[in-house]
Structure formats: structure tokens, C-alpha cells
Amino acid sequence: MIIAERKPMKEILEMISGIKRLLILGCRGCVAVCSAGGDKEVNIMAEAISLGREQAGEPIEIDRDVLVRQCDPEYLEPLREKGKEYDAVLSMACGVGVNFIAETCPDIRVLPALNTTFYGANLSSGEWKEMCAGCGACILHLTGGLCPVARCAKHLSNGPCGGSVNGRCEVDPNTPCVWQLIYDKLNSLNLSENMKKIMPIRDWTPSGEGGPRRRLREDLLP
Amino acid sequence: MAEQAGKIIGFCCNYTTQSSAEPLKEAGILPEGVELRRLSCTGKLEVSTILEAFNKEKADLVFVAGCPEEECHNFSGSRRASRRVKYTKQILKELDIDPERVEMFFVARQETEPVVEAAKEMLKRLEKLGPLSRQA
């Protein structure tokens, strides 16, 4: 899922400076699962902003709402009109939601309450880890299911580099070297021969280096 | 006890105090200016509820009194509450509000006295910090 985290309150208060009517809009998709922008977080944000503005002597009127998702047009449709009642909408969705509101609701000023960080897995309650970079050219079948694009600091296709020491990454010794993990995994699967194959120079075009990506499936189009 | 200017709200569970605030005040046990909110478990308490106590209920300080960490009736309720208090402290700090205005206490179960002690500790803080500034 997409992992995000709340922006510092000072940044948010500065962002909404001068705004008198605000809609805080949560999302029940990924950001609710990673406890950044769901129902609970909307309530916390509303109370925190209200308290911060009261401290500053600038009261603010806040409404709260949470959509099933902010990345699908059907859920955003009511916002096109409702949003006009407010000076701004503070979206607690990932950057996709913020972009989509900006694009589909032309009369609305939308602001981001979160920093969208990565695609990750939930390791335990309160702990998330990056596992995928959305590079558009998956090679996991060659690497024992472990991704060097997302999990190697240098995104190496042929690792490990010389900085892998005792199974740790030279960039951050707290991070396991993913190429060591790949080697161990392939060994355990009797596929260590894979390590000897040299991967070709990577084409980064599908990763977004060739501009914003778009996917089309004609069989699903309206 | 002398009356304090200011308001303190304390969240307790059914196990840390078996009485509401009024009888305790009438008996002269609980200081003036302190309100108690009893919950089935402090683990039920949300960060937004603590902030709401400062916000809508105009509390100057808030405390949470939960069971001792290893003796919570619901296993991890008071531990959860203490983490939420910690997160509330972080938010207060980001808002330039002294994080000492909210505190977690682990108190013995089925006795009123430790909760009253927690309230007195918060009263001392109120003397030190003064009321929460409200310009609006």
C-alpha cells in the first residue's frame, strides 16, 4: 500500500494561514490502513488545528469528512459542489488524492496534510517498510522475490556492491544489504546460479523517467 | 484545599477509581478545579479526545490514570493510553504548547488515593505553567 505520514503541525498551520472555513477530508484507502489519513487522524487533525489557531487568536471553522477513496472520480463527485463552501480543503489522502481533487474540482483550493513516502508493507502495528518502487519493470522472479530497485540504496541490478559489509548496507548499517538477502534467499531455493547472470543495463523509462505514466485497457474503457 | 484558577481534566478507568468526581469533591478528597472522566478502560481513549479536552472543554491540563502497565484488566489498555499520551505530547510541542500539560500516570487499581495524588501533581504543574493561553 501507499505509506504516508502527517506533515509537521507548524507547516500545516502556515499552509492554512488566513483560511477561515476549512474542510478536512480523510481517505479510507491506504492512508487509513497506515494510520495517516483515516477517520481517527481526521479527528486528531481537526482538534490540533483548532487548538493551534485558538492559541494564535485566529479561530477557524472546521468541517470533517472522510471518503472511501480520493483516487476515484465517483467518490469525489459530491466534493465539486460541497467544496465551494470552504476556503480550502485539507486532504489527508496521499499525493494521488490531492492531485485528483486539484484536477477534477476546478474551483477548490486543495492542500496536502501528509507527506507521501513510499509503497510499503506493514511489519507490525506502527511500523512500515519500503518494499516496491513502482519501477514498472519487475525483476522479482530473478531475485528470489526481493527487490533491489526499492531496497538497494544504489538501485543496483547486479549486486552486491563493495560497500556490503557483514550483510549490512554501507549507506546505513541499520539496513540489511538486499543483495545479501537475495543471495541467501536464492541459496535456500537452490537457485544460486541466478547470481552469476548479469542483468542488462536497466531501461528506466517505465519507472517514470519518460514522464508521467498512464495505463490504458481498452476492454475496460466505458 | 485552596481553590485553583484553572481546569484539569483527568481520564480514569473503572478500575483506577470506582467513584465519580462529585462524591470525592464533597468528601474534600479531590481538589477543586479537577474533573474526572471514567472510561471502561483508558485504552479506549483517543488522542483526539485528549485534544478535545484542551480545545472544546477548555482544560488547562489533562491527565490519564490507567492501571499499572503489567496489571491492566484489558491486558494492554493502559500501555496503549500511555502511547497516545506520548503522541499528544508531540502534537502539543508542535503547537508550541508545553507537553507537560498532559501526563500519563500508572496507578494502583481499586484505590482512589493514587488518582487523587495524580490530580494533586497536576495542580502543582498548573501553578507552575499557569492557564493555557487562549487568544481567541
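Reader: What do the buried residues of α3(B) pack against?
Author: They pack against α1 and α3 of chain A, together with α2 (47-55), β3 and β4 of chain B. Helices (H or I, at least four residues) and strands (E, at least two) are DSSP runs, numbered from the N terminus. A residue is buried if 20 or more other C-beta atoms lie within 10 Å of its own, exposed if 12 or fewer, and partly exposed in between, with C-beta atoms placed from the backbone.

Reader: And what kind of model is this?
Author: This is a predicted model, in which local features need pLDDT of at least 70 and side-chain atom pairs count only at pLDDT 80 or more, while totals for chains, interfaces and linings use all residues. Residues are numbered from 1 along each chain as its sequence is written, and chains are lettered from A and ligands numbered from 1 in the order in which they are written.

Reader: Back to α3(B). Which residues are the buried ones?
Author: B:G77, B:S78, B:A81, B:R84, B:V85, B:T88, B:I91 and B:L92. Seen down the axis of α3(B), they fall within an arc of 120°, so they line one face of the helix. The arc is that of the directions from the helix axis to the C-beta atoms.

Reader: How far apart are the ends of that helix?
Author: The end C-alpha atoms of α3(B) (residues 77-94) are 26 Å apart, which agrees with the 26 Å expected for 18 residues at 1.5 Å a residue. The expected span is 1.5 Å times one less than the number of residues.

Reader: What comes after it?
Author: B:D96 follows α3(B), in the loop between α3 and β4 of chain B. B:D96 has a positive phi of about 60° although it is not a glycine. With 13 C-beta neighbours inside 10 Å, B:D96 counts as partly exposed.

Reader: ok, the two chains. How many residues does each give to the contact?
Author: Chain A gives 16 residues and chain B gives 15 residues. Two residues are in contact if their C-beta atoms, placed from the backbone, lie within 7 Å.

Reader: Which parts of chain A are those 16 residues from?
Author: On the side of chain A that touches chain B, the elements that give two or more residues are α1 (9-15) and α3 (39-55) of chain A. The largest share, 10 residues, comes from α3(A). By class, that side of chain A has seven nonpolar, five polar and four charged residues. Here Ala, Val, Leu, Ile, Met, Phe, Trp, Tyr, Cys and Pro count as nonpolar, Asp, Glu, Lys and Arg as charged, and the others, Gly among them, as polar.

Reader: How is chain B put together?
Author: Along the sequence, chain B follows the pattern β-α-β-α-β-α-β-α. That comes to four helices and four strands. Of its 136 residues, 45% are buried.

Reader: Is it a compact globule or spread out?
Author: The radius of gyration of chain B is 14 Å, which agrees with the value near 14 Å for a compact globule of 136 residues. The radius is taken over C-alpha atoms, and the globule rule is 2.2 Å times the number of residues to the power 0.38.

Reader: And chain A, how many helices and strands?
Author: Chain A has eight helices and seven strands. Its radius of gyration is 22 Å, well over the 17 Å that the rule gives for 222 residues, so chain A is more spread out than a compact globule. Of those 222 residues, 34% count as buried.

Reader: Which domains is chain A divided into?
Author: Domain 1 (2-118) and domain 2 (133-207), with bounds from an automatic or database domain assignment. The C-alpha centres of these two domains of chain A lie 37 Å apart.

Reader: Where is the cis peptide bond?
Author: The cis bond joins A:G159 and A:P160, with omega about 0°. A:P160 lies in the loop between α7 and α8 (178-188) of chain A.

Reader: Last one, α4(B). Which residues are buried there?
Author: B:V115, B:V116, B:A118, B:A119, B:M122, B:L123 and B:L126. They cover an arc of only 155° around the axis, which puts them on the same side of α4(B). What covers them includes β1 (8-13), β2 (34-39), β3 (61-66) and β4 (102-106) of chain B.

Reader: What does the face turned away carry?
Author: That face of α4(B) carries the exposed residues B:E113, B:K124, B:E127 and B:K128. After α4(B) comes B:G130, whose phi is positive, near 75°.
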